[in-house]
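This report looks at salt bridges and enclosed space in one protein chain. Please keep the structure in view while reading.

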Amino acid sequence: MYWSLDFKIRALLIATVTITPLLIWPNAIGRVYTSLPKVYAMVVFVICFLLIILAHRKEVTSILATDRVNFLLLFYFILLLISVQFAGHIGHAMYGRPGREEGLTTIMLYMLLFLAGRSCTIKADVIFRLMLISALIISIHAILQFFGLDQCLYFLNSRNWQKAYSTMGNPNFLSSYLVLLLPLCIHLFVTEKRGLTKHFFPAICYSILFYCLLCTRTRGAWLGAIAAIISYPFLLHKYLEYSSKHRNRGIFLAVLTFLLATSFNIQTDGLLTKEFLSLFTDAVATAAHGFDAESAGSSRIFIWKRVIALISMKPWFGHGIENLHLIFAHHYDQDIIAKFGRKIWFDKAHNEYLHIAVCSGIPSLIVYILFIYSVIRTGFKRLNTGPNKVILVPIMASIIGYLIQAFFNISVVMVAYIFWIFLGILAGTKNESLLLK
């Protein structure tokens, strides 16, 4: 049986986004690694991708398209490569700090997966449903954790979190993952053309994933999810055939969302209300006192203020990928101890954009933003002129949500590869119809 290049890459990407999120790796002393097995899985999938390309080398012109998107991607990689030369710890810059594993080699994996996403056609019905099966397993497990009914990954709860994290290892990382997947649930529910029973699966998925997102107690991701959920109906109305059926299903989801939020708030003695009120309290404190309100945003202002100062020290090529923990401790150890009463390693800026600037320089951040802008612009062009709208609408909503939550969160190997694959799908070079069957 002959399998085409398009089929092989499509199958590879589906395997990547459905299998990788589930992977964890327990060791001999009772700990569980959540990031390293996902990196190894990406390595395997990328090697398979390269072997596929080698086997079909006469058909790969679309993968290496000489367009603005790929040019900016190459330019961004070159700037990252240069920044490695300025790193205090070259090993961390190349391979990532243990427990993070997001050095230059991992970012290269993201970029190759992005190119894979650009180079094939993917049907929304297939990839979305398979991704949601993985997400259901993770979310159910995380909800059980939140209510103290599961201790499989008990070691991670050394901070006494009343939060959900599952195979992602951290509530922030799980919430980023859920922000990317919630629009997929909405899309399958709203656009389903078959019988009523077919709506059961996406409705259940949305309910469990949304409830799990609340359990993470990650306010930045909540804002990203709100942006993704609100942007979806606007994109649907503008770019797909819109009817009263879509409106009625949207109203149903809005009511369901309200009931889920109310139920969570009651079950947790008003936790949701308290968290949302704290958002406004932090916003008011920041508006009134600026960077002097260092406790705002779970002490993010404390981190951002010092990260900006570090950026000003090396604005061109930064301090090196994954070297922030070293330079932050060198300059601000006493500040950390004075504020927190102990030494804490701050290895991420808790803002993806500041993190890129401090690690690889302001030019690198500018090129990254131009790259993202170029991808989104290409996506909107495809929405306006191409037949590939069915999968692009929810993907666009997911990316909008991710980019919003990235102001308060960090890039990690547990989630970032999915974001890069979504970017690749959005900026795809294929032109075949992706209509749901």
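A salt bridge is counted here when a side-chain nitrogen of Lys or Arg lies within 4 Å of a carboxyl oxygen of Asp or Glu. The model is a predicted one, and by this rule the count comes to nine salt bridges. Three of them are listed below.

| Salt bridge | N to O distance |
|---|---|
| Arg118 and Asp67 | 2.7 Å |
| Arg97 and Asp347 | 3.0 Å |
| Glu102 and Lys348 | 2.8 Å |

Arg118 forms its salt bridge with Asp67, and because Arg118 lies in helix α5 while Asp67 lies in the loop between α2 (36-55) and α3, the pair ties together parts that are 51 residues apart in sequence. Arg118 is buried, with a relative accessible area of 3%, whereas Asp67, at 27%, counts as partly exposed.

The side chains of Arg97 and Asp347 also meet in a salt bridge; Arg97 is in the loop between α4 (90-95) and α5, and Asp347 is in the loop between α13 (324-340) and α14, 250 residues apart. Asp347 is buried, at 6% relative accessible area.

Glu102 and Lys348 are joined by a salt bridge as well, and since Glu102 lies in the loop between α4 and α5 and Lys348 in the loop between α13 and α14, this pair links parts 246 residues apart in sequence. Both Glu102 and Lys348 are buried. Salt bridges with shared partners also join Arg97, Arg100 and Asp347 into one network.

Turning to enclosed space, the structure holds two cavities of 30 Å³ or more, and the largest cavity contains about 280 Å³ of space. Its lining has 23 residues, and those closest to its centre are Tyr76, Ile107, His355, Ile356 and Ser411. Helix α14 gives the largest share of that lining, five residues.

Conventions: Residues numbered from 1 in each chain as written. Predicted model: local features only at pLDDT ≥ 70, side-chain atom pairs only at ≥ 80, totals over all residues. Heavy atoms only, no water. 1 Å grid on protein atoms, 1.4 Å probe; cavity = no way out; pocket = protein on both sides within 12 Å on 5 of 7 lines; lining within 4 Å. Points joined across faces, edges and corners; volume = space filled by probe spheres on them. Helix = DSSP H or I, 4+ residues; strand = E, 2+ residues; numbered from the N terminus. Buried < 20%, exposed > 50% of the residue type's maximum accessible area, 1.4 Å probe, protein only.
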